[in-house]
Amino acid sequence: MDFMKPETVLNLANIRESLVRMEDTIIFNFIERSQFYSSPSVYEPNKFPIPNFNGSFLDWLLLSHEKIHSQVRRYEAPDETPFFPDHLPETFLPSLNYPPVLASYTDEINANDEIKQIYISEIIPGLSTHGEQPENLGSTAMADIEVLQSLSRRIHFGKFVAEAKFQNEKERFTKLIKEKDVHGIEDAITNAAVEEKILERLLEKGKAYGTDPSLKFSQHIQSKVKPETIVKIYKDYVIPLTKKVEVDYLLKRLEVEDDKN
Ligand SMILES: O=C(O)C(=O)C[C@]1(C(=O)O)C=C[C@@H](O)C=C1
């Protein structure tokens with residue numbers, strides 16, 4: 001998939017291939033985060049006296065990263081979505097001018113607040129031992145940033161899926177969107193067989209990536225993150241949020257005049 005070549009981006013097979021590859025990144029990021037305790041103080045607003053900042057330690061570290069990444073054009077890429085879009089500096093590098101593949105309102109579809117909130121309240125407890133680890137606050141928040149950015153990229157890929165599906169079945173989606181039929185759109189974008197395959201593959205990947213392959217089966221290998229936990233996170237949050245992004249994107253799809261219509 002090459003964002004400079006729009007024809008490669010809106011191909012559903014290419015998109016799904018990218019989603020499969022992202023599973024590896026996400027699972028390894030989960031494994032990295034699982035080395036540390038849950039450390040609730042990382043997420044508690046104003047727990048530490050950060051100069052000129054109102055919010056949690058994670059928010060401060062994430063925003064600080066996004067400010068730097070914004071200056072190297074990370075958020076010009078159509079597959080990158082910032083958590084703090086209103087607080088980012090412009091880049092001093094020349095603009096990349098990616099050819100548009102998504103509708104012009106794409107930046108308005110941003111599920112990152114919800115992703116961050118679900119990550120803190122639902123996902124971290126499944127990945128880590130409960131408790132504080134004051135000496136690892138920085139490492140913990142760095143691991144969080146990696147997880148959050150990889151989940152955000154995966155979930156916002158729903159925009160490409162949605163645009164590809166819209167292009168493939170324009171008449172069907174135009175009718176559903178005109179009728180604001182959210183359930184109908186959800187049904188139309190759902191492919192139960194693909195979802196089932198993802199969950200099966202995650203179980204296998206979780207078993208393979210989370211264990212030391214040099215150990216023998218008889219040595220009671222324990223996975224670094226339970227494969228069932230990875231499956232549950234995808235089933236309960238990652239896939240539903242991807243679908244939500246798809247639906248939100250499609251609901252606005254007829255508001256734009258664009259030459260693809
Ligand atoms: O591959 C698709 O068709 C998607 O819409 C993506 C996705 C997913 O999140 O992986 C979401 C909904 C479908 O039911 C299947 C898979």
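# Spaces and ligand in a predicted model

Colleague: Which helix gives the most to the lining of the largest cavity?
Modeller: This is a predicted model. The lining includes Gln149, Ser152 and Arg153, and these three fall within residues 137-156. With 3 residues, the most given by any element comes from helix α5.

Colleague: How many cavities of 30 Å³ or more does the structure hold?
Modeller: Rolling a probe the size of a water molecule over the atoms shows where empty space is left. For cavities of 30 Å³ or more, the count in this structure is 2.

Colleague: What volume does the largest cavity have?
Modeller: Its lining includes Glu66, Arg74, Tyr75 and Phe83. Glu80, Thr81 and Pro82 are also among the lining residues. The volume of this largest cavity is about 50 Å³.

Colleague: How many charged residues are in the lining of the largest cavity?
Modeller: Sort the lining by class. There are 3 nonpolar and 3 polar residues. Glu66, Arg74, Glu80 and Arg153 are in the lining, and the number of charged residues is 4.

Colleague: Which element gives the largest share of the lining of the second largest cavity?
Modeller: About 30 Å³ of space lies in this cavity. Its lining residues are Ile115, Ile118, Tyr119, Ile123, Leu151, Ile155, Tyr237, Val238 and Leu241. Two or more residues come from each of α4 (112-127), α5 and α10 (227-251). The largest share, 4 residues, comes from α4.

Colleague: How many nonpolar residues line the second largest cavity?
Modeller: Look at the classes again. No polar and no charged residues are in this lining. The number of nonpolar residues is 9.

Colleague: How much space lies in the largest pocket?
Modeller: Now turn to the pockets. Tyr75 and Glu80 line the largest cavity. The largest pocket holds about 620 Å³ of space, and Tyr75 and Glu80 are also among the residues closest to its centre, with Glu76, Ala77 and Asp107. So many as 26 residues line this pocket, and its space is about 620 Å³.

Colleague: How many nonpolar residues are in the lining of the largest pocket?
Modeller: The lining divides into three classes. Polar residues number 6 and charged residues 7. Nonpolar residues number 13.

Colleague: Which element gives the most to the lining of the second largest pocket?
Modeller: About 280 Å³ of space lies in this pocket. Of its 19 lining residues, Arg16, Leu19, Arg154, Val194 and Ile198 are the closest to its centre. The elements that give two or more residues are α2 (12-33), α6, α9 and α10. With 5 residues, the most comes from α2.

Colleague: How many charged residues line the second largest pocket?
Modeller: Start with the other classes. The lining has 8 nonpolar and 3 polar residues. The number of charged residues is 8.

Colleague: Where does the ligand sit?
Modeller: The ligand is surrounded by 14 residues. Arg16, Lys165, Asn191, Glu195 and Glu246 are the closest of these. Arg16 is also one of the residues closest to the centre of the second largest pocket. The ligand sits in the second largest pocket.

Colleague: Which elements give two or more residues to the shell around the ligand?
Modeller: The shell divides into 5 nonpolar, 3 polar and 6 charged residues. The ligand sits in the second largest pocket. The elements that give two or more residues to the shell are α6 (158-168), α9 (192-209) and α10.

Colleague: Which of these gives the most to the shell around the ligand?
Modeller: Glu246 is among the residues closest to the ligand. Its number falls within 227-251. With 4 residues, the most comes from α10.

Colleague: What percentage of the ligand's accessible area does the protein cover?
Modeller: Take some contacts. An oxygen atom of the ligand is 2.5 Å from an N or O atom in the side chain of glutamate 195. The same kind of distance is 2.7 Å for lysine 165 and 2.7 Å for glutamate 246. Of the 360 Å² that the ligand has on its own, the protein covers 99%.

Colleague: Which side chain makes a polar contact with the side chain of arginine 21?
Modeller: Arginine 21 is found in helix α2. Threonine 140 is 119 residues away in sequence and 24 Å away in space, C-alpha to C-alpha. At 3.4 Å, the polar contact of the arginine 21 side chain is with the side chain of threonine 25.

Terms used:
Residues are numbered from 1 along each chain as its sequence is written. This is a predicted model: local features need pLDDT of at least 70, side-chain atom pairs count only at pLDDT 80 or more; totals for chains, interfaces and linings use all residues. Side-chain values use heavy atoms; hydrogens and water are left out. On a 1 Å grid over the protein atoms alone, a cavity is a set of points where a 1.4 Å probe fits but cannot get out, and a pocket is an open set with protein on both sides within 12 Å along at least five of seven lines; lining residues have an atom within 4 Å of a point. Grid points are joined across faces, edges and corners, and a volume is the space filled by probe spheres set on the points. Ala, Val, Leu, Ile, Met, Phe, Trp, Tyr, Cys and Pro count as nonpolar, Asp, Glu, Lys and Arg as charged, and the others, Gly among them, as polar. A residue is near a molecule or strand if one of its heavy atoms lies within 4 Å of it. A polar contact is a pair of N or O atoms within 3.5 Å; within protein, one must be able to donate a hydrogen and the other to accept it, and residues adjacent in sequence count only if both atoms are side-chain atoms. Accessible areas come from the Shrake-Rupley method with a 1.4 Å probe; for residues, only the protein chains shown count as cover. A molecule sits in a cavity or pocket if more than half of its atoms lie within 2 Å of its grid points.
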